[in-house]
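Please find below some notes on the model you sent round. They are numbered so that each can be taken up separately.

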Amino acid sequence: MSIDITEFYQTFFEEAEELLSDMEQQLLQIDPSDPDSEQLNAIFRAAHSIKGGAGTFGFTVLQETTHLFENLLDKARHHELTLDPTIIDIFLETKDMLSDQLNAYRQQTEPDSATYERICNTLKALAEEKGQGEGAAATTTAQTAAAGPAASGAMVIRIAGVAADNATSLAEELALFGTVLEQQHANDVLTVQLETATGEDDIRAVLCFVVDDDQITFESAAAAPSESAVVAPAAEEAEQKALEKDDATPPPAVDAAAVPAEPAKAAAPAAKKAASAASSENASLRVSIEKIDQIINLVGELVITQSMLEQGTADFDPVTHGSLLSGMNQLQRNARDLQEAVMSIRMMPMDVVFNRFPRLVRDLAGKLGKQVELETVGKSTELDKGLIERIVDPLTHLVRNSLDHGIETPDRRLAAGKPAAGRLTLSASHQGGNILIEISDDGAGLNRDRILGKARENGLAVSDAMSDDDVWQLIFAPGFSTAEQVTDLSGRGVGMDVVKRNIAQMGGHVDILSRPGQGTTTRIVLPLTLAILDGMSVRVGEEVYILPLGAIKESMQVKPEDISTVTGSDRVLHVRGEYLPLVELYRVFDIPEAQQDVTKGIVMIVQSEGRSFALQVDQLIGQHQVVVKNLETNYRRVPGISAATILGDGSVALILDIPALSRAPQDREGSHTGNHRSAATLH
Amino acid sequence: MEASAIEKGQLEGEGHEFLVFRLGAEEYGIDILSVQEIRGYEGVTRIANAPSFIKGVTNLRGVIVPIVDLRLKFALGNADYTAQTVVIVLNIGHRVVGVVVDGVSDVLALTGEQIKPAPEFGSTLSTHYLMGLGSLDDRMLILVDIEKLMTSEEMALIDKAA
């Protein structure tokens, strides 16, 4: 073969994965008692495209499974098979199987044959039981055979822009569909007359992994019975409909095609098919994350260079250097815009996260014998990709908790005067520079007494006078679980502390609001991105450090009488009735030539992990947005420092790790690994 | 000096090429393949509570790179910093680190027979980090396994867990 078909594997895997996730969405939305034919068509087409691709690449197991699946779907959309919830369950299971098979092929292994046989038998049984005697057709192993009675037709396929050496292998590919009556290759156009029972769509679906859709044209061979009653009159009808819709209201239909994840729009699947692979390629571009990070790095450099230039030209006389200075202004604007635009590439909609929950909720609710309606709000809210990936696990845990402990069984709900079906809402929204994610249920709410009881059992210091908020925070303690019995879903107490820790690592925090009998809301607040930080730069001696702005409560100059000592060396600052430990940055970091007299410097009141303390610095410089650079890429973790950044003059400034600084001074001394200088910091 | 190095490399056929630098009066050689670039010493930000030979970190085109002064590490020469101070930027196992030396003098190719095993010395530079002693005419080059040295625990450049 002169075309190295493995090149297209990746494309196929990615497309097939998208098709499968679309399929799942559709399956979850379908109403078994009154299936929407557009949805059935969309599911059918997804299965069909995967089958076509799998055939081309020789993924036999995947191909045959999708084939059986497709037959059933075809019957369903022709109303030969009546859907019911059990069948939907089987379909969903099949979809999972297909995902597994796809992953197996991706890892270049053969899929597990036992599960394959099991699912095939289930599907066959279903076909025999429900279909009218057509089950036998399902057992054919014929390559991409068409479903139902095969009416062979001849057609002429022209593929433009094919080099001579590729033509032969393409023709070989086409020969898999039927008998090649005639083939010729001239002026880079391959013309094949093919006698086949396969429809145009199928051939297109297979070829679209190899050549662009618009390179292919089909013609019915004049003599032959025109192409196939087989290929789904419904599909054509649907396409026709989509086209009509296209004509009537072109812009929305095109939009719908560009957003394949919006299956609710009836026109979307059909229009998508009509636009085929071409539109999805135009709508988005797959780029590796390293490339994007590289661009982000370079743009960061550009912005730094720009501010260096700006500093260099600041003293220039505007009269003699007018054009240079206006150019500098323009450069500044452009550089900022560019940085913003580049940062937005990393942003992804919350949709990506929320999409996995309908299935999870459905399965869990089924297992627990509960009825749950899931609602998602703010799917288009965007969040940094790095955070999106890390928020999935904590969210999954919280959703499981809500289902397991929050929402009650239908009879209990009815007894409490609530509707039988519980409501679980996932929402995401922007709030200033943060994103707010809420998981709320209308279940039983947290049980204050039980939490307090459990806390006492675990030896935590609690009192009955604690506020509700403080009580709810207890469930984040390690090893804490109030479930009456441990289920395989939750209740082992390994969860909430991990959730809290993960979210804290992302620079966010979690709060719980709960009312007995009315439900629980968990709110997660996260920064929009990890790559940029709002910081305050401070000077100590000759050195500049960055404090995360979010940690700063206030800054002040202190009077000598506000300072007291504890055990002679540790000092505390008296602020409005509170005594805060005073951390002298020059002492912690052993900074020479720093202002040692606290009354002549500035004190920043900072807060972290619920604790406040006072941080002594020499001077505030200003507020900046800084690009966070990992210090550990080339060096090691430094106690008291979370990361580094590059300032406008090209020099490196270190970003303070407020939580680490807030820990007791003896901890800090203990964590010094470089012992050459730590003697000087002992007091 | 680069021309001579290339010439020599070609003459010797196989054999390692070494970047030769001075620390005090001594000449050291490191594998040229681990050298990324050579630049001046500037804009180093001190890191608190690090060993004294770790001068701090600098910005190398957007990458934060630690700078180590080998003169301080081996207690050789005067550790003063002028416009002529040279930093050899090394690329070792996906990490970038800068090394301050007194001066870079040459790139030399040595064959296997020109490299003699190192005798046992005192403790400043353990033979563990030496590839041997290179002899070229009447010069002696101390050939350092720079990768082993830079990733060693005593350089304190990498977290122990890493």
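The points below go from chain A as a whole to its contact with chain B, and then to single residues.

1. Status of the model. This is a predicted model, and local features are described where pLDDT is at least 70. Side-chain atom pairs are counted at pLDDT 80 or more.

2. Chain A overall. Chain A has 683 residues, of which 48% are buried. Its secondary structure comprises 23 helices and 22 strands. If one takes the contacts between residues at least 6 apart in sequence, 68% join residues at least 24 apart. The exposed area of chain A is about 32,600 Å², with 50% of it supplied by carbon and sulfur atoms.

3. Strand β21 of chain A. This strand covers residues 641–646, and 5 of its 6 residues are buried, so the rest of the structure largely encloses it. Its partner is β22(A), residues 652–656, and the two run antiparallel with 5 bridges between them. Within this pairing, A:Thr645 is opposite A:Ala653. The hairpin has 5 residues between the strands, and A:Gly650 adopts a positive phi near 90° there.

4. Extent of the interface. Contact between the chains involves 29 residues of chain A and 26 residues of chain B. About 2,400 Å² is buried between them, and carbon and sulfur atoms give 51% of that area. On the chain B side, the residues that lose the most area to chain A are B:Arg46, B:Asn49 and B:Ile64, together 32% of what that side buries.

5. Polar links across the interface. How many salt bridges are there between chain B and chain A? The count is 1. B:Arg46 forms a salt bridge with A:Glu543, and their closest N and O atoms are 2.5 Å apart. In addition to area and charge, polar contacts were counted: 11 residue pairs across the interface, with both residues at pLDDT 80 or more. Three strands of chain B, namely β4 (54–60), β5 (63–69) and β7 (95–101), each supply at least two residues of the side that touches chain A.

6. A:Glu117. This residue belongs to helix α5 of chain A, residues 113–130. Is A:Glu117 buried or exposed? Its relative accessible area is 47%, so A:Glu117 counts as partly exposed. A:Val61 is 56 residues away from A:Glu117 in sequence, yet their C-alpha atoms are 9.5 Å apart.

7. A:Asp442. The loop between β9 (434–441) and α17 (448–457) of chain A holds A:Asp442. Its side chain makes a polar contact of 2.9 Å with the side chain of A:Arg413. Setting aside residues up to four places away in sequence, A:Asp442 touches several others, including A:Ile407, A:Glu408, A:Lys418 and A:Arg423. A:Gln518 and A:Gly519 are also among the residues touched by A:Asp442.

8. A:Thr381. This residue sits in the loop between β6 (372–377) and β7 (382–384) of chain A. A:Thr381 has a relative accessible area of 9%; it is therefore buried, the cut-off being under 20%. Which backbone oxygen lies 2.7 Å from a polar atom of the side chain of A:Thr381? It is that of A:Gly378. The backbone oxygen of A:Ala428 lies 3.1 Å from a polar atom of the same side chain, that of A:Thr381. Neighbours within four places in sequence aside, the contacts of A:Thr381 include A:Met348, A:Pro349, A:Met350, A:His430 and A:Ile435.

Conventions: Residues are numbered from 1 along each chain as its sequence is written. Chains are lettered from A and ligands numbered from 1 in the order in which they are written. Side-chain values use heavy atoms; hydrogens and water are left out. Helices (H or I, at least four residues) and strands (E, at least two) are DSSP runs, numbered from the N terminus. Buried means under 20% relative accessible area, exposed over 50%, partly exposed in between (1.4 Å probe, protein chains only). Contact means heavy atoms within 4.5 Å. Accessible areas come from the Shrake-Rupley method with a 1.4 Å probe; for residues, only the protein chains shown count as cover. Two strands pair if DSSP finds at least two bridges between them. Buried area is the accessible area (1.4 Å probe) that two parts lose on being put together, summed over both. A salt bridge is a side-chain nitrogen of Lys or Arg within 4 Å of a carboxyl oxygen of Asp or Glu. A polar contact is a pair of N or O atoms within 3.5 Å; within protein, one must be able to donate a hydrogen and the other to accept it, and residues adjacent in sequence count only if both atoms are side-chain atoms.
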